[in-house]
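Hi,

Here is the structure we discussed handing over. Please have a look, then read the notes underneath.

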2 protein chains.
Amino acid sequence: MRILIVGGDAAGMSAASQIRRRQPSWAVEVFEAGQRTSYALCGTPYYLGGVVREIDQLVTLTPEQFARERGIPVHTGHLVTAVNPARKSITVKDLATGQSRDEAYDRLLLATGAEALMPTGLEPGPAGLFYLRSLDDAENIRRAMGKAKSAVVVGAGYIGLEVAENMVEAGLEVTLLGRQPAPIFEEELQALAAQALSRPGLTFRSMTDAVGLSPAPSGGLTVAVSQGEAVPAAVGVVGAGVRPRAELAAAAGLTLGVKQAISVDRFQKTSDPFIYAAGDCAESYHRLSGAQTWVALALGANRQGRVAGFNLCDEPEEFPGILGTSIMKIFGLALARTGLGLEEARRAGFPEAVKTVVKQHSKPGYYPGSTPVTVIIIADRATGRLLGGQMGGTLEGVGQRINTLAAALSTNMTVKEASGLDTAYAPPFAPVHDPVVIACEVAAKNLKG
Amino acid sequence: MRILIVGGDAAGMSAASQIRRRQPSWAVEVFEAGQRTSYALCGTPYYLGGVVREIDQLVTLTPEQFARERGIPVHTGHLVTAVNPARKSITVKDLATGQSRDEAYDRLLLATGAEALMPTGLEPGPAGLFYLRSLDDAENIRRAMGKAKSAVVVGAGYIGLEVAENMVEAGLEVTLLGRQPAPIFEEELQALAAQALSRPGLTFRSMTDAVGLSPAPSGGLTVAVSQGEAVPAAVGVVGAGVRPRAELAAAAGLTLGVKQAISVDRFQKTSDPFIYAAGDCAESYHRLSGAQTWVALALGANRQGRVAGFNLCDEPEEFPGILGTSIMKIFGLALARTGLGLEEARRAGFPEAVKTVVKQHSKPGYYPGSTPVTVIIIADRATGRLLGGQMGGTLEGVGQRINTLAAALSTNMTVKEASGLDTAYAPPFAPVHDPVVIACEVAAKNLKG
């Protein structure tokens, strides 16, 4: 049995490791266009700010370690240019020699990841303009930051906000362009994000799109915007979102699904019985809506790779699905979410979704360090079911709290049931009635009203 | 309709508030032997250490506030000396005048709380010996600490550990006597507790019982111990545990249950159809074992009071039950638990309970401030079910993390299901695979082995 894997990041290497463990005698080989495997892309913004000092700290395992310690050969610098389902082979180009060859598989895993969206007018090219999708990108940006005093960041989602924060911490004067700050959160939390962005060294221009760019006369670049004056800066980073990298799959005739991601079942199998897909290139099952969706989040990618590894070894294993749980830091503010937002819920088949917003404290008022926590609950009036939760507050106040709701959502609890959770209480940690519990209590009342 | 409530702390006042809200025209009156209502006993150790500056900060609502703001009369200084179910009355003694009278009820709630266990030889009496069961006790101890240089604390459970910590922080030389430190945790976490207790200003004498005490020649007291030298100290605090205060109920012929707590159903009804009980004096339904149990924890007491309030107003409401979730701080160490420990599980009808211990990090290794977290999972080999979880680590590492497991336990998840929880990931908060998720993965493997 020979299993080939296209892509050497989270999903691909998780699968490879499982296959090696479960079927030590089978051949498994990985083809990766870049030079690195298995790295923490989510850590790169913190490398820009110097919080992470060395880029190599972000590499979990190198290709050499995979080969030596796990017996998994990784062909780096090898770009897969075609999948040939009829012949059960892939066409591989060795980027060092320029030579192409075919490699035959019995089973194939596509783990090609996601790629940056590049809005019209913001294509890479000009000196000083960057996208952040690899450790190489991170090194190039940090190098450019060394001589820079100013930066422009396009996009106020996860990447844009984290990059802007870290550039401010590194001492640059930063202009951040976007519609709303942290748009995947409810508006009450977007307001907290806007407050956190209001600080020296940072100018957030909301409701502002970048529409073009040109080299600046004095060096660096100038970003043309949809309203107001153009923004000059020494360095520019675009964080406009990502999309699944599914061209190979599409060209091979595989079915694409949500947002043009590779369509898979919960066993990570594609429309071809010998081809699996996992990670950011593939769809994910959403536990709440019960529908396929597409999100690019690290835990899901790792898990899909693992699940694919089991199934590629004929051990049936089902992907548990995602809730879209995520968390981010914006200076001293933490924002977190799990499950569906209000509009998402209404679109996902819960027309009677109701939003409840409460503001509570992270600890009893008498204990030092108690901070406000805003908790938002999305619940279904028709069934009483908890559909989603979001939180904003200090890093400590929000940090792990969101996972209480993620766990509650995993089992289709009603908000009434969630209001009865037996949470931990002691003054240094939480109030008797945790903010999560109170928010669910209020939500349960709101459903009746 | 006239509803009387015996006891003005968490359970009693929660019930009174619900009754007032649901049936504004009904008479509801509270009888409380002390002078205070609704206060945070769990905050008192931090008053000893000066973390909480004023004792009044620990009072949520005073009797005057209940009367004025909520229309609930509270008779403080009134000791209930008998319940007369046949006449549907209670006998009340006004402690100020010494006069007794009968008060008739249509329905009665007993919320008499718990009282300190007083081991033989350690009865209160000698100057300098204290129990910590009220705000008055806390004020007396803090006053005694003012002139003291040394203290002895008897008992290494929650109260003993928190009192010892706060006395050390206040500058006293403290000797702590006990069997194991933090005995309600698994031994791996007891070892962490022992480490945390090994510090200047504190001597922990393990496997040592206090067996008697006498006034010291130089003032203060001397505690005789089961092994080694007697301990002299200026101040002594005994934290030997608590028991339900159920004498009134017993004398009235109500059925007692686990640990002589008042037997109740999930609607908080006692064996008398007109009498309810709630809080530390009553049994609690354990969500996992399905059996009645007895624990004295603040959240459960508040909730039982609330549930009793509904039922006293003829609105059926079921107590959701407890998991025994709790958390404590020992200097920089946090210990937390939910559900059943290994031995508890075996005794509670899960003879095939298996323990898994993992040590993980609170954040990715490359992000500053990542700290070790020990996670213990108790799971049932017969069914795969998650039965309990315990954790030890830094305050931030453990703080809210235990509630993820509490939520998972609430819905009878298997460890395999819990290993698929969609937890939040970002470098400043958690690793891709949260310690909880990894612990459940390892536990699922262990069940197969």
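The notes below cover the core, one helix pair and the chain contact.

This is a predicted model: local features need pLDDT of at least 70, side-chain atom pairs count only at pLDDT 80 or more, and totals for chains, interfaces and linings use all residues. Residues are numbered from 1 along each chain as its sequence is written, with chains lettered from A and ligands numbered from 1 in the order in which they are written.

Core. The largest nonpolar core has 311 residues. (Such a core is a set of buried Ala, Val, Leu, Ile, Met, Phe, Trp, Tyr and Cys residues joined through C-beta atoms within 7 Å; buried means 20 or more other C-beta atoms within 10 Å of the residue's own, with C-beta atoms placed from the backbone.) Leu109, Leu110 and Ala151 of chains A and B touch the most other members. Beyond four places in sequence, Leu110(A) is in contact (C-beta atoms, placed from the backbone, within 7 Å) with residues including Val6(A), Leu248(A) and Cys281(A).

Helix pair. In chain B, the axes of α1 (residues 10-22) and α8 (residues 298-312) come within 7 Å and cross at roughly 35 degrees. Axes are lines fitted to C-alpha atoms over the stretch in contact, and angles run from 0 to 180 degrees between N-to-C directions. Helices are DSSP runs (H or I, at least four residues), and strands are E runs of at least two, numbered from the N terminus.

Chain contact. Chain B gives 50 residues and chain A gives 49. On the chain B side, α11(B) gives the most, with seven residues.

Best wishes

Methods. Buried ≥ 20, exposed ≤ 12 C-beta atoms within 10 Å, placed from the backbone. Contact = placed C-beta atoms within 7 Å.
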